[in-house]
Amino acid sequence: MCRSIKTLRPPALPEEATQEEIRAAALQFVRKVSGFRAPAAHNREVFDHAVEVIAAATEELLAGLEVRGQAAARRAG
């Protein structure tokens, strides 16, 4: 796993992950998998598309996760 990708769910983050944090994690993942920090012009479209798809999947994952103790903490707060 790429060490610069951080955990985006509570309790690692006190609040919900921002769009910027989600996109940054997706970008790091695509960079790691592709082996390109910045793709050549002829790979830019597929590279950017992969970042967007992974960011969307990450948002869906985070929205669907149930973290133990979080519901009780929200009710108490």
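These questions and answers go through the helices, the core and a few single residues of a predicted model.

The model is predicted, so local features need pLDDT of at least 70 and side-chain atom pairs count only at pLDDT 80 or more, while totals for chains, interfaces and linings use all residues. Residues are numbered from 1 along each chain as its sequence is written, and side-chain values use heavy atoms, with hydrogens and water left out.

Q: Which elements does the protein have, and in what order do they run from the N terminus?
A: Helices (H or I, at least four residues) and strands (E, at least two) are DSSP runs, numbered from the N terminus. The protein has three helices and zero strands. From the N terminus on, the order is α-α-α.

Q: What span does α1 reach from its first C-alpha to its last?
A: α1 has 16 residues. The expected span of a helix is 1.5 Å times one less than its number of residues. For α1 the expected value is 22 Å, and the helix comes close to it, reaching 22 Å.

Q: Which residues in α1 are buried?
A: Buried means under 20% relative accessible area, exposed over 50%, and partly exposed in between (1.4 Å probe, protein chains only). What covers the buried residues of α1 includes α2. The buried residues in α1 are I22, A25, A26, L27 and V30.

Q: Which element gives the most residues to the largest nonpolar core?
A: A nonpolar core is a set of buried Ala, Val, Leu, Ile, Met, Phe, Trp, Tyr and Cys residues joined through side-chain atoms within 4.5 Å. The largest one has 11 residues, among them L8, L13, A17 and F47. Two or more residues of this core come from each of α1 (19-34) and α2 (44-64). With five residues, the element that gives the most is α1.

Q: Which residues does V30 touch, not counting those up to four places away in sequence?
A: Contact means heavy atoms within 4.5 Å. V30 is one of the residues of the largest nonpolar core. Leaving out residues up to four places away in sequence, V30 touches G35, F47, A50, V51 and I54.

Q: What phi does G35 take?
A: G35 comes just after α1. Its phi is positive, at about 85°.

Q: Is T58 buried or exposed?
A: T58 lies in helix α2. Not counting residues up to four places away in sequence, T58 touches L8 and I22. Its relative accessible area is 19%, so T58 counts as buried.
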